[in-house]
Amino acid sequence: MDTLSTLALTWRIERRDGVAAGLTSHDRDLAIDGFTYRAAPGMTPSAIRRSADLDADTMDVSGALGGAAIAEADLLAGRWDGARVVVRAVDWDTGAVIAELGEGRIGQVELRDGAFTAELAGIAALLDRPVCEATSPECRAELGDARCRVAMAGRRRFARVVAGDDTLVTVDADEPLANAYGNGLLRWIGGGNSGLESAVAASDGATLTLRAPPRFDPVGALVELIEGCDKRISTCQARFANAANFRGEPYLPGIDLLTRYPGA
């Protein structure tokens, strides 16, 4: 008598905001190690290749949109961008893990006809990144990080959005100095955009110009405003008194050096 196959695939998806979801190709929910994997029979992976070399392993996962696990609005809003995914083969009868098939992060996502296809880039794909930084006249550090060392205490403030029109957002508090939030960050604490971040192009008083319009209605939402920096040496010295930690080469001749001449 042939042995009945009890093989199923599971996907554990962990978003950057801490939300985790579990999906399985089985036709009923599975509870494995105290974590529930919801039945998603429409979820199908591309061919999975496991190797011992250093090639960057990638795979695609396709599935139907809908339900509480993965919704189209959340995909479009970017909530799943960069989420960690662990793919396993399990025994749905005993709950035992048969094989670890892969691990990676969600990259490019395509939406079509009520379904999605997500590219998963494996850990080895990190080896494709540059091993050293290129020189630049602008600072390569981020304001307040370990290399910049500017103290961010007092440079983060909470406010509430009172109006919004495309990329223009008005809050209920003026900026502490001119263009304080330009090149900074707006974190959504409440409302439909909660958990998302928006890059700020410029600020003027209580009005912020975002680099992209918020996905959902912003009015009434609580936000965290984080000051920004234009990464120029003059700003680093005059505004932050931090030229000693400037991570750029503002005085290094560029590739246009040979084209310069008197009167140009």
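Biologist: Among contacts in the protein chain between residues at least 6 apart in sequence, what percentage join residues at least 24 apart?

Modeller: A contact means heavy atoms within 4.5 Å, and of the contacts between residues at least 6 apart in the protein chain, 55% join residues at least 24 apart. This is a predicted model, where local features need pLDDT of at least 70 and side-chain atom pairs count only at pLDDT 80 or more, while totals for chains, interfaces and linings use all residues. Residues are numbered from 1 along each chain as its sequence is written, and side-chain values use heavy atoms, with hydrogens and water left out.

Biologist: Which strands make up the closed barrel?

Modeller: Strands of a sheet pair through backbone hydrogen bonds, either parallel or antiparallel. Strands are DSSP runs of E with at least two residues, numbered from the N terminus, and two of them pair if DSSP finds at least two bridges between them. Here six strands form a closed barrel in the order S10-S11-S14-S13-S12-S15, with antiparallel pairing. Within it, three bridges join S11 (residues 168–171) to S14 (residues 207–210), and threonine 170 has threonine 207 in S14 as its bridge partner.

Biologist: How is the aromatic pair of phenylalanine 35 and tyrosine 37 arranged, and which charged end sits over the ring of phenylalanine 35?

Modeller: Rings of Phe, Tyr and Trp (its six-membered ring) pair if their centres lie within 6.5 Å, with planes under 30 degrees apart counted as stacked, over 60 as edge-to-face and the rest as tilted. Phenylalanine 35 and tyrosine 37 are edge-to-face, at 5.2 Å centre to centre and 75 degrees between the planes. The charged end of arginine 12 sits over the ring of phenylalanine 35, 4.0 Å from its centre, where the rule asks for NZ of Lys or CZ of Arg within 6 Å of the ring centre and within 35 degrees of the ring normal.

Definitions and conventions. Helices (H or I, at least four residues) and strands (E, at least two) are DSSP runs, numbered from the N terminus.
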